[in-house]
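Reader: I have a model open at the bench and want to read it properly. Can we go through it by question and answer?

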Amino acid sequence: MWWILGVLGLIVVFIVILLIRTLLFKPPAVEASKIEEVAVDTVAVGERLAQMIRCKTVSSLDESKVDKGEFEKFRALLGELYPRVHSACELERLGSSGILYTLKGLSSAAPVVFMAHYDVVPVDQAAWAKPAFDGIVEDGALWGRGTLDTKATLCGVMEAAENLLAQGFVPQNDLYFAFSGDEEIAGDSAPAIVDEFEKRGVVPGLVLDEGGAVIGGVFPGVSQPCALIGTAEKGMLDLEISLEGKGGHASTPPPHTLVGQLAQAVTRIEAKPFKSRLTPPVATMFDTLGRHSSFVYRLIFANLWCFSPVLDAICRKQGGELNAMMRTTCAFTMMGAGTATNVLPSAAKITANLRIIGGETTESAIAYLQMRAGDPLLRFESIYGMNPSRISVTEGAGWETLRTAVAQTWTNALVSPYLMFACSDSRHYGRISDRVYRFSAMELSKAELGMIHGHNERIPLSTLAKTVEFYIRLMRSC
């Protein structure tokens, strides 16, 4: 009898602890800051971005498909559109297509790097409702490849600098505008710029590149839009898994064909995903946004010491972004084997794309897949890979300056760190700074997010104006 009462008492204490922790898990008080109004000529900015869109700067690993004249036209256009920037800044060409503007400030102690890329991915014009490179404005939106990824942010940087220089602006710290024309093919321009910074001893106090955005409905139980600033990005691995055999006639097959063996390996791997890991960017995101969530989710996020298995089960079941935050993911994307219906192939292969979470490496990921596949005859070959990026700090001047500029531009948004799943040029800057952040300064719907690398890419002019506002506020504070 007494032991039953003791167990019940422990259960009551346990529940009370959970409830108290949940009730205390609430947002901190935030003092409202004064917001200076920023004037932007939306129509004029839209026309200048339209001119950039009309430059067909499509990058490709196959150089024969690259129109270098379009890239030169784009670089020359920047000089025409932004004469004050070109007059006030030193301009250098680095790497295959890198552009580096240097605007000297009162100090070189904590320089700031604004990044973007001006190359774009190819277009299937037949699937577009409007020409992808005509820069058409219709119903308040500018259509074209690159409007979201990332000529809009490049435009925002240049517009802000031109606007401020017209007012006699001198930054507190040196400003660098670092643009590459080969980000989409992981080219050499961004690494070349970082190499040059390293030679000169430049240690940025803030680096800002593409990444998160202001998005609604992105976090469980949170109704407000969230401004997500990437403080790290996952690694990436393209992996080929192959198997060789004797081949032969399909009328007399062996117990397990090469395709069947590969299929078994895929099934084993997908049945047992990589273990979940709570990395610092995700832990901080849960702590920041979880405090604004509904009660049930606050109960979970306030007591992860207890509910981590529950969260893991939710992530595995839902898949998608929440799951990708918590583990290395493996997506099988390509298959290849025989060329005739009645012939057993002598070789078969399958390709996987992995996104590697912090704390793991390309080598450890391959080892895990080999163990899960359980077939010593399989060959695992890395096609291309990179380890996870360095994690940037979420304290100090650089972070606070960025966070404040975001909060003052999108006043209804919750600002939070997050883990970026895609790869960007910013990963190279981890060599020289622990203040590298990934934020595309736009408020985007889920439909607009789907246009990035997709069909009918376009940006509302009101969104573009906000992008310029943001960069003006941020530069003023640098």
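Author: What follows covers the core, one helix, the salt bridges and the empty spaces of this predicted model.

Reader: Which residues touch the most other members of the largest nonpolar core?
Author: The largest nonpolar core holds 96 residues. Some of them touch more fellow members than the rest do. Those with the most contacts are M52, F114, F177, F179, F286, F439 and F470.

Reader: Which helix gives the largest share of this core?
Author: The top contribution is nine residues. They lie within residues 151–166. That helix is α5.

Reader: How many residues are in the second, separate core?
Author: This core stands apart from the largest one. Its members include V266, F332, A348 and L354. The count is 23 residues.

Reader: How many of the residues of α5 are buried?
Author: Buried means under 20% relative accessible area. α5 has 16 residues, and the helix is mostly covered. The number buried is 14.

Reader: How far does α5 reach from its first C-alpha to its last?
Author: At 1.5 Å a residue, 22 Å is expected for α5. The span in the model is close to that. It comes to 22 Å.

Reader: Which residue with a positive phi follows α5?
Author: Look just past the helix. The phi there is near 80°. The residue is G168.

Reader: How many salt bridges does a search of the whole structure find?
Author: The search takes in the whole structure. One of the pairs is R54 with E47. The total is 24.

Reader: How many residues apart are R476 and E36?
Author: R476 forms a salt bridge with E36, with the closest N and O atoms 3.6 Å apart. R476 sits in helix α15 (residues 461–476), and E36 sits in the loop between α1 and α2. The pair therefore links distant parts of the chain, 440 residues apart; R476 itself is partly exposed, at 35% relative accessible area. The separation is 440 residues.

Reader: Which class of exposure do R54 and E47 fall into?
Author: The closest N and O atoms of this salt bridge are 3.4 Å apart. R54 has a relative accessible area of 31%. E47 has 38%. Buried is under 20% and exposed is over 50%, so both count as partly exposed.

Reader: Why are R75 and E72 about one helical turn apart?
Author: An α-helix has 3.6 residues a turn, so residues three or four places apart point the same way. R75 and E72 both belong to helix α3 (residues 68–81). Their salt bridge has its closest N and O atoms 2.9 Å apart. They are about one turn apart because their spacing along the helix is three residues.

Reader: Is R75 buried or exposed?
Author: The cut-off for buried is under 20% relative accessible area. E72 is partly exposed, at 42%. R75 is at 12%, so R75 counts as buried.

Reader: Which residues are joined with R75 into one network?
Author: Salt bridges that share partners make the network. R75 is one of its members. The others are E72 and R93.

Reader: Which residues line the largest cavity?
Author: The search finds one cavity of 30 Å³ or more, with about 30 Å³ of space. By class, its lining has seven nonpolar, no polar and no charged residues. α9 gives the largest share, three residues. The lining is P220, Y297, I300, F301, L311, I314 and L322.

Reader: Which element gives the most to the lining of the largest pocket?
Author: The largest pocket has a volume of about 1,200 Å³. Its lining divides into 25 nonpolar, 10 polar and eight charged residues. R355, M420, A422, C423 and H453 are the closest to its centre. The top contributor, with five residues, is β7.

Reader: Which element gives the largest share of the lining of the second largest pocket?
Author: This pocket has about 620 Å³ of space. Its lining has 23 residues, with V30, R403, A407, A413 and V415 nearest the centre. By class, 11 are nonpolar, eight polar and four charged. The largest share, four residues, comes from α13.

Definitions and conventions:
Residues numbered from 1 in each chain as written. Predicted model: local features only at pLDDT ≥ 70, side-chain atom pairs only at ≥ 80, totals over all residues. Heavy atoms only, no water. Core = buried A, V, L, I, M, F, W, Y, C linked by side-chain atoms within 4.5 Å. Buried < 20%, exposed > 50% of the residue type's maximum accessible area, 1.4 Å probe, protein only. Helix = DSSP H or I, 4+ residues; strand = E, 2+ residues; numbered from the N terminus. Salt bridge = Lys/Arg side-chain N within 4 Å of Asp/Glu carboxyl O. Expected span 1.5 Å × (residues − 1). 1 Å grid on protein atoms, 1.4 Å probe; cavity = no way out; pocket = protein on both sides within 12 Å on 5 of 7 lines; lining within 4 Å. Points joined across faces, edges and corners; volume = space filled by probe spheres on them. Nonpolar A, V, L, I, M, F, W, Y, C, P; charged D, E, K, R; others polar.
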